[in-house]
Amino acid sequence: MASRRPPLPTATTLAHQLVGDRLVPGDTAVDATVGNGHDTVFLASLVGSNGRVIGFDVQAAAIEQTAQRTGSLRQVVLHEAGHERIGQFVEGPIQAFMFNLGYLPGSDKTVTTLPHTTIEALRLASARLESGGIITIALYTGHAGGQDEADAVTDWARRLPQDSFTVSRYQFLNQENSPPHLVCVGRR
Ligand SMILES: C[S@@+](CC[C@H](N)C(=O)[O-])C[C@H]1O[C@@H](n2cnc3c(N)ncnc32)[C@H](O)[C@@H]1O
């Protein structure tokens with residue numbers, strides 16, 4: 001029998017599915033945590049050469065790695081800056097923001113996203129989100145501070161006014177090793 005995908009997507013796979021359903025060529029998207037550049041490449045493929053992907057990371061190594069991975073893709077612009085400074089670099093309206101929180105795999109695990117800067121970035125992102133746009137936030141709870149950040153994000157998202165935003169959370173309930181969960185914000 002042909003191998004099939006797992007019956008339920010991981011948080012990061014679901015994020016890609018939802019963003020993939022939203023973006024069309026020519027759109028503008030933000031990768032708020034470029035890391036190794038996988039999400040940046042994905043976003044660039046969706047918006048195409050006439051679109052734009054604006055990426056952020058605080059680590060020079062992450063920016064370099066992503067620059068190598070995206071190569072000559074002219075739609076990608078990278079900033080070695082915290083996403084809490086999105087307001088300096090990004091005007092609206094934006095069709096999609098991806099946040100993949102936590103630490104850079106294979107790198108210094110003490111450099112993680114932090115609740116106060118993440119919430120500030122989300123506040124700025126939600127103000128720049130186009131009607132019909134989406135924010136995906138992959139949350140990791142297995143490292144020090146991860147649960148506090150997940151709680152802060154969930155609390156922030158839960159308080160968004162329902163006449164302007166829809167909010168959902170996707171989470172496995174019976175898996176060991178703290179798999180990531182996903183909070184999504186859609187702008188009506
Ligand atoms: C889980 S990794 C991102 C993985 C990435 N999306 C990928 O596809 O490989 C989280 C990243 O967030 C970065 N980071 C930490 N604090 C940040 C901040 N304030 N603004 C932007 N990026 C930050 C880390 O340096 C790390 O590279």
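Here are a few friendly notes on the ligand site and on an aromatic pair in this predicted model.

1. Where the ligand sits. The ligand occupies the largest pocket, and 21 residues surround it. Among these, the ones that come nearest are T33, D39, D57, Q59 and H83, so that is a good list to have on screen as you read on.

2. Make-up of the shell. Sorting the residues around the ligand by type gives 12 polar, 6 nonpolar and 3 charged.

3. Polar contacts. Two residues are worth a look for oxygen atoms of the ligand. The side chain of D57 places an N or O atom 2.6 Å from a ligand oxygen, while H38 has a backbone N or O atom 3.3 Å from an oxygen atom of the ligand. For a nitrogen atom of the ligand, turn to E84, where a polar side-chain atom lies 3.1 Å away.

4. Cover. On its own, the ligand has 610 Å² of accessible area, and the protein covers 95% of that.

5. Aromatic pairs. The structure holds 2 of them. One is formed by Y170 and F172, with 5.7 Å from centre to centre and 65 degrees between the planes. This pair counts as edge-to-face because its angle is over 60 degrees.

6. Exposure of that pair. Are Y170 and F172 buried or exposed? Y170 has a relative accessible area of 21% and is therefore partly exposed. F172 is also partly exposed, because its relative accessibility is 23% and buried would mean under 20%.

Notes:
Residues are numbered from 1 along each chain as its sequence is written. This is a predicted model: local features need pLDDT of at least 70, side-chain atom pairs count only at pLDDT 80 or more; totals for chains, interfaces and linings use all residues. Side-chain values use heavy atoms; hydrogens and water are left out. A residue is near a molecule or strand if one of its heavy atoms lies within 4 Å of it. A polar contact is a pair of N or O atoms within 3.5 Å; within protein, one must be able to donate a hydrogen and the other to accept it, and residues adjacent in sequence count only if both atoms are side-chain atoms. Accessible areas come from the Shrake-Rupley method with a 1.4 Å probe; for residues, only the protein chains shown count as cover. On a 1 Å grid over the protein atoms alone, a cavity is a set of points where a 1.4 Å probe fits but cannot get out, and a pocket is an open set with protein on both sides within 12 Å along at least five of seven lines; lining residues have an atom within 4 Å of a point. A molecule sits in a cavity or pocket if more than half of its atoms lie within 2 Å of its grid points. Ala, Val, Leu, Ile, Met, Phe, Trp, Tyr, Cys and Pro count as nonpolar, Asp, Glu, Lys and Arg as charged, and the others, Gly among them, as polar. Rings of Phe, Tyr and Trp (its six-membered ring) pair if their centres lie within 6.5 Å; planes under 30 degrees apart count as stacked, over 60 as edge-to-face and the rest as tilted. Buried means under 20% relative accessible area, exposed over 50%, partly exposed in between (1.4 Å probe, protein chains only).
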